[in-house]
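Here is a walk through one chain, written for someone who would rather look at side chains than at statistics. Keep the viewer open and follow along.

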Amino acid sequence: MLDAGPAASGWSDQCWTLTRIAEVVRRRFGAEDTLAGLDLLLHRIGWSVQVPSRKATERDEAKIATWKDEQWPVIKRGRRTWAPGSASRTKPARA
């Protein structure tokens, strides 16, 4: 079923994802497995993760650079240099 491609199983594009494969396994065999378990099984039968060999044609390098300069620093703020004491009742903070 996997060799036939995602279109044969009802998806419009040619991209297998673990979620899609899990759905096919559930429909075909009535068995549910975790995504990590499916990943392990797929590796055992010789399937591997595929990474695109080229960048998307819609990619806008200027917008990406702007986002990295303006938004990323807000999202990735530095951590505090100090932390309050432990909230655990069994292990109080040291003074």
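What follows goes from the overall fold to the first helix, then to the core, the salt bridges and the aromatic pairs.

**The overall picture**

One thing to keep in mind from the start: this is a predicted model. The chain has four helices and zero strands, so reading from the N terminus the order of elements is simply α-α-α-α. Of the 95 residues in the chain, 13% are buried. As for contacts between residues at least 6 apart in sequence, 13% of them link residues at least 24 apart.

**Helix α1 and what it leans on**

Helix α1 covers residues 18-29. Does its length fit its residue count, or not? With twelve residues at 1.5 Å each, α1 should span 16 Å, and its end C-alpha atoms do lie 16 Å apart, so the two values agree. After α1 comes G30, which has a positive phi, near 70°.

Which residues of α1 are buried? They are R20, I21, A22 and V24. The buried residues of α1 pack against α2, which runs over 35-44.

I21 is a good residue to click on. Setting aside neighbours within four places in sequence, I21 touches L2, W16, L38 and L42. Three of those names, L2, W16 and L42, turn up again in the largest nonpolar core, a set of five residues that also includes I21 and V24. W16 has a relative accessibility of 19%, and the cut-off for buried is under 20%, so W16 counts as buried. In general, nonpolar side chains of soluble globular proteins tend to be buried together.

S9 sits in the segment before α1. Its relative accessible area is 15%, so S9 is buried. Beyond its neighbours within four places in sequence, S9 is in contact with M1, W16, V24 and R27. Two of these contacts, W16 and V24, are with members of the largest nonpolar core.

**R20, a buried arginine**

R20 lies in helix α1, and is it buried or exposed? With a relative accessible area of 18%, R20 is buried. The side chain of R20 has a partner in D13: a polar contact of 2.5 Å joins the two, and the pair also counts as a salt bridge. D13 itself is partly exposed, at 33% relative accessible area. Leaving out neighbours within four places in sequence, the contacts of R20 are P6, W11, D13 and C15.

**The salt bridges**

How many salt bridges does a search of the whole structure find? The search gives three, laid out here with their N to O distances.

| Salt bridge | N to O distance |
|---|---|
| D13 and R20 | 2.5 Å |
| E23 and R26 | 2.6 Å |
| R59 and E61 | 2.5 Å |

The E23 and R26 pair stays inside one helix: both residues lie in α1, three residues apart, which is about one turn. There is a general point behind that spacing. An α-helix has 3.6 residues a turn, so residues three or four places apart point the same way. E23 is partly exposed at 25% relative accessibility, and R26 is partly exposed at 36%.

Further along the chain, R59 is partly exposed with 39% relative accessibility. Its partner E61 is also partly exposed, at 44%.

**The aromatic pairs**

The structure holds two aromatic pairs. In the W11 and W16 pair, the ring centres are 6.0 Å apart and the planes meet at 70°, so this pair is edge-to-face. The cut-off at work is an angle over 60 degrees, which is why 70° qualifies.

Which way do the rings of W67 and W72 sit? Their centres are 6.0 Å apart and the angle between the planes is 35°, which makes the pair tilted. W67 is partly exposed at 41% relative accessible area, and W72 is partly exposed as well, at 42% relative accessibility. By contrast, W16 in the edge-to-face pair is buried.

**Putting it together**

W16 is worth a last look. W16 pairs with W11, belongs to the largest nonpolar core, and is in contact with both S9 and I21.

Terms used:
Residues are numbered from 1 along each chain as its sequence is written. This is a predicted model: local features need pLDDT of at least 70, side-chain atom pairs count only at pLDDT 80 or more; totals for chains, interfaces and linings use all residues. Side-chain values use heavy atoms; hydrogens and water are left out. Rings of Phe, Tyr and Trp (its six-membered ring) pair if their centres lie within 6.5 Å; planes under 30 degrees apart count as stacked, over 60 as edge-to-face and the rest as tilted. Buried means under 20% relative accessible area, exposed over 50%, partly exposed in between (1.4 Å probe, protein chains only). A salt bridge is a side-chain nitrogen of Lys or Arg within 4 Å of a carboxyl oxygen of Asp or Glu. Helices (H or I, at least four residues) and strands (E, at least two) are DSSP runs, numbered from the N terminus. A nonpolar core is a set of buried Ala, Val, Leu, Ile, Met, Phe, Trp, Tyr and Cys residues joined through side-chain atoms within 4.5 Å. Contact means heavy atoms within 4.5 Å. A polar contact is a pair of N or O atoms within 3.5 Å; within protein, one must be able to donate a hydrogen and the other to accept it, and residues adjacent in sequence count only if both atoms are side-chain atoms. The expected span of a helix is 1.5 Å times one less than its number of residues.
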